[in-house]
Amino acid sequence: MIENLGLKQLKQSTENINKDNRIKNTSGVQIPNFSTPSFQGKIINFHTPQGISKSELNVNTKLTSKKDVEMYNVINQALSTSKTEQKSPQDNISRLKKLNTLLKNGTLLNNNSNDNTSVLENLYKILTTQRANGFDNIKIMGQVIDALYKPEIITQVFGDIPKEVQNKILKNPNLDPRIKQNPELLNVASSGTCVSASFEYHMARKHPAEFSRWTQGLTSKDEAVTQTIKSSSLNSSYLEAYNILNNMFEIKPKKIDFNSKEFEIVLKPDKDAKIRAQVQNKFWDKGERSIIDVYMQSTFMQIGSEQTYNSLIDKREGKFNSNPEGLGEFEKIFIESIVENNERLSLVYQKVDENQNLKGWGCDLKTIQNHIINTINSNEDVIIGYVLTNETAGDTKAPGYINTPNNRPEKIINGHEITIVDYKQDKDGKITFICNDTDDGASELIEYSADYLLPKIHHAGYPAKIVEKDYDKIINAVYGNATAA
């Protein structure tokens with residue numbers, strides 16, 4: 001089994017964290033965080049069966065058991081009689097219509113979740129059991145239906161906090177000192193949750209039962225979700241998997257099964273996520289994050305940042321990265337391993353020097369394209385991190401641009417995470433990727449030509465079987481033999 005590079009490098013780095021707490025690989029390259037969007041593609045309307053992979057199209061689409069019929073009728077009745085949640089504020093479409101669509105396309109009865117509960121069961125539980133203080137059951141349920149019906153509505157855009165709410169927050173004696181010193185930090189103009197939002201989108205699109213189960217748990221009175229994961233998802237060594245989970249990312253297993261080599265873990269959002277969610281509950285505007293978005297993205301941020309995220313200011317700390325915004329590639333692949341509960345490999349394609357200059361690639365662009373296409377053909381999405389340099393962002397043509405050693409055209413200036421969900425090929429063989437961006441201001445999929453996107457891809461996560469034959473060669477080319485598995 002090939003070791004996960006990202007998690008393996010984390011292990012190698014714990015003994016050599018430099019003074020300002022940044023992880024550096026053996027080439028001395030600072031690992032970039034991925035949080036800031038930069039370019040726009042062509043927006044398209046692109047239909048795929050919501051939440052269902054091609055291999056799952058034969059799942060149950062009819063209510064046959066008495067229990068399922070009863071749950072469906074209760075949900076149907078609640079939506080039919082609701083004065084506020086009968087239609088979605090996202091698109092003004094009847095949620096009854098959406099519910100029926102989810103039944104017909106197989107999403108509603110999908111039970112491919114960590115505990116084998118179905119979407120229907122979790123919607124019913126959301127509706128009929130206590131939610132976290134201050135949240136309306138039917139509103140939460142409606143938001144799940146919206147997200148499963150059209151995952152592209154999921155966004156990372158923070159809503160504003162009204163002054164009267166800010167004043168209440170500032171009176172909290174346990175408030176983060178940074179906020180007391182600078183209340184403007186509460187006004188998050190550009191969020192760093194693109195990695196988390198991409199995972200939320202992917203889960204809604206590809207793992208609808210798991211998405212509804214997570215939402216049920218995170219918005220319940222416990223504000224937590226329990227996950228059972230295979231140790232092999234993290235590392236082939238059981239003890240090393242425990243070390244990664246418990247000591248590196250500070251997630252202490254609730255239960256350990258030595259026979260099955262599985263860990264049961266409890267995942268939670270940060271302590272201030274509820275405040276952000278309550279603001280969105282009362283002051284939500286179209287285009288902003290929903291209650292579900294807040295809780296899901298906060299939880300992913302907590303998982304990746306070693307439990308150091310602060311939802312109020314969208315900042316993180318953590319021993320593995322000094323950048324206070326977003327998540328690094330190693331942190332991202334850890335989350336991916338948790339979500340997929342399977343061995344994932346992270347391939348870093350770009351060579352980046354210690355000054356954050358793009359110096360080349362570890363393989364040709366055709367190989368990257370093949371990795372993506374082969375993954376999509378296996379009914380998987382590909383979540384990628386791309387970067388923009390001064391040159392590719394167009395900054396070198398801006399008035400006053402000066403080419404200096406610290407500001408070269410190849411200097412990386414930001415990065416962002418998006419999801420590739422499909423591709424198309426024209427008569428000349430040219431590839432166009434169909435993508436989702438959680439921060440482009442649109443709830444539609446977008447198109448990028450392969451020629452445009454491929455040179456910008458810094459890393460991507462894949463099922464191990466897709467990329468293992470190229471793995472050693474690319475990693476050797478990017479990092480050198482010392483970091484190869």
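Student: How do α4 and α9 sit relative to each other, parallel or perpendicular?
Tutor: α4 and α9 are roughly parallel to each other, a label for angles under 35 degrees (over 145 is roughly antiparallel, 65 to 115 roughly perpendicular, the rest oblique). This is a predicted model, where local features need pLDDT of at least 70, side-chain atom pairs count only at pLDDT 80 or more, and totals for chains, interfaces and linings use all residues. Residues are numbered from 1 along each chain as its sequence is written, and side-chain values use heavy atoms, leaving out hydrogens and water.

Student: Nice! At what angle do the axes of α4 and α9 cross?
Tutor: Roughly 20 degrees, with the axes of α4 (residues 119-128) and α9 (residues 208-218) coming within 8 Å. Axes are lines fitted to C-alpha atoms, for helices over the stretch in contact, with angles from 0 to 180 degrees between N-to-C directions. Helices are DSSP runs of H or I, at least four residues, and strands are E runs of at least two, numbered from the N terminus.

Student: And which residues make the contact?
Tutor: V119, N122, K125 and I126 of α4 meet P208, A209, S212, R213, T215 and Q216 of α9; contact means heavy atoms within 4.5 Å.

Student: Switching to the sheet: what's the strand order?
Tutor: β3-β5-β4, an open sheet with antiparallel pairing, where pairing takes at least two DSSP bridges. β3 (225-230) and β4 (255-257) each have a single partner strand, so one side of each lacks a neighbour in the sheet.

Student: What about β4 with β5, how many bridges?
Tutor: Three, between β4 and β5 (residues 262-267). K255 stands opposite E264 in β5.

Student: Which helix lies across those strands?
Tutor: α10 lies across β3, β4 and β5, at about 5 degrees to β5.
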